[in-house]
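Work through these exercises with the structure open beside you. Each task is followed by a solution in steps.

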Amino acid sequence: MFTGIVEELGEVTAVEKLDDASRFRLRGPVVTEGAKHGDSIAVNGVCLTVVDLDGGEFTADVMAETLDRSSLGALTTGSRVNLERPMALGGRLGGHIVQGHVDGTGRIVERTPSEHWELVKVSLPGGLARYVVEKGSITVDGVSLTVVDAVAEHFTVSLIPTTLALTTLGIKGPGDPVNLEVDVLAKYVERLLGAGSATESGEPVA
């Protein structure tokens, strides 16, 4: 479980393409401190398992399912990535509840800079718009953000200087892909309401 508060701007140091997967080596001295084999680290909002550690770098295997559902397949050696360790039990929940399970990918449509912040418009893939609401939470490349406005095709977020300086959202431009994870609570509510309706009508629940 994560909070969407990025701890470190890391870097991909190696990519090994396999038949139906990829193996990534990433530099992240902050998130690897105290880490061990089998731990989870979120990379651009995708929960990955540490399979090897060496001097501030870690290796993770990414299966076809993850490559198909996220933008990790576009990463190359030198790519910058947002890194976050799982939240510690008893710690402060600074962002919102994030699982690291990407729901889809969008693309940055446009950026509108201001003196102290920047408005960023992001496209929404089909099927996710119903989970994105004004003033609600969404995770973009692993960054917990508040939605400014939302329509069927896109949503906008405001980025403060800290987010621009310390995450990949400060360096991505129009056309660049981003991983999106919507609020899991909204999905559970939808599922439960649907199950209740189906049960009352006598229809089977999947």
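**Exercise 1. Describe the span 97–193.**

Task: How far apart are the end C-alpha atoms of residues 97–193, and how much of the span is helix and strand?

Solution.
Step 1. Keep in mind that this is a predicted model.
Step 2. Find the two end C-alpha atoms of residues 97–193; they lie 21 Å apart.
Step 3. Look at the make-up of the span: 16% is helix and 41% is strand.
Step 4. Turn to the record. An unreviewed UniProt entry places the feature "domain: Lumazine-binding" at residues 1–96 and 97–193. The feature "repeat: Lumazine-binding" is placed by UniProt at 1–96 and 97–193 too.

**Exercise 2. Trace the barrel.**

Task: In what order do the six strands close into a barrel?

Solution.
Step 1. Recall how strands join. Strands of a sheet pair through backbone hydrogen bonds, either parallel or antiparallel.
Step 2. Follow the strands round: the order is E7-E8-E11-E10-E9-E12, and the pairing is antiparallel. From one strand to the next, the twist averages 45 degrees.
Step 3. Begin with E7, residues 104–113. Five bridges link E7 to E8, residues 118–123. At one of these places, Pro-113 has Glu-118 of E8 as its bridge partner.
Step 4. Now close the ring. E7 pairs with E12 over four bridges, in the antiparallel sense. Here Thr-105 is matched with Asn-179 in E12.
Step 5. Check the other neighbour of E12. Strand E9, residues 137–140, is joined to E12 by three bridges. Val-140 stands opposite Leu-180 of E12.
Step 6. Ask how covered E12 is. Five of its six residues are buried.

**Exercise 3. Find the empty space.**

Task: How many cavities of 30 Å³ or more does the structure hold? Which residues line the largest cavity?

Solution.
Step 1. Think about the probe. Rolling a probe the size of a water molecule over the atoms shows where empty space is left.
Step 2. Count: there is one cavity of 30 Å³ or more. The largest cavity encloses about 40 Å³ of space.
Step 3. List the lining: Ile-108, Val-120, Val-122, Val-140, Leu-145, Val-157, Leu-159, Leu-169 and Val-178.
Step 4. Sort by strand. At least two lining residues come from E8, and at least two from E11, residues 154–159.

**Exercise 4. Place Thr-168.**

Task: Is Thr-168 buried or exposed? Which residues is it in contact with, beyond its neighbours within four places in sequence?

Solution.
Step 1. Locate Thr-168. It sits in the loop between helix H2 (161–166) and strand E12 (177–182).
Step 2. Apply the cut-off: buried means under 20% relative accessible area. Thr-168 has 1%, so it is buried.
Step 3. Leave out the neighbours within four places. Thr-168 is then in contact with Leu-9, Asn-44, Arg-80, Val-81, Asn-82 and Asp-141.

**Exercise 5. Compare two contacts of Thr-168.**

Task: Where do Asn-44 and Asp-141 lie, and what is the phi of Asn-44 and of Asp-141?

Solution.
Step 1. Place Asn-44 in the loop between strand E3 (40–43) and strand E4 (46–54). Place Asp-141 in the loop between E9 and strand E10 (143–150).
Step 2. Recall the usual sign. Most residues other than glycine have a negative phi.
Step 3. Read the angles. Asn-44 has a positive phi, near 50 degrees. The phi of Asp-141 is positive too, at about 50 degrees.
Step 4. Check burial. Asn-44 has a relative accessible area of 2%, so it counts as buried. Asp-141 is buried as well, at 0%.

Definitions and conventions. Residues are numbered from 1 along each chain as its sequence is written. This is a predicted model: local features need pLDDT of at least 70, side-chain atom pairs count only at pLDDT 80 or more; totals for chains, interfaces and linings use all residues. Side-chain values use heavy atoms; hydrogens and water are left out. Buried means under 20% relative accessible area, exposed over 50%, partly exposed in between (1.4 Å probe, protein chains only). Contact means heavy atoms within 4.5 Å. UniProt positions are given in the numbering used here, feature names are shortened, and annotations may be inferred rather than shown by experiment. Two strands pair if DSSP finds at least two bridges between them. Axes are lines fitted to C-alpha atoms, for helices over the stretch in contact, and angles run from 0 to 180 degrees between N-to-C directions. On a 1 Å grid over the protein atoms alone, a cavity is a set of points where a 1.4 Å probe fits but cannot get out, and a pocket is an open set with protein on both sides within 12 Å along at least five of seven lines; lining residues have an atom within 4 Å of a point. Grid points are joined across faces, edges and corners, and a volume is the space filled by probe spheres set on the points.
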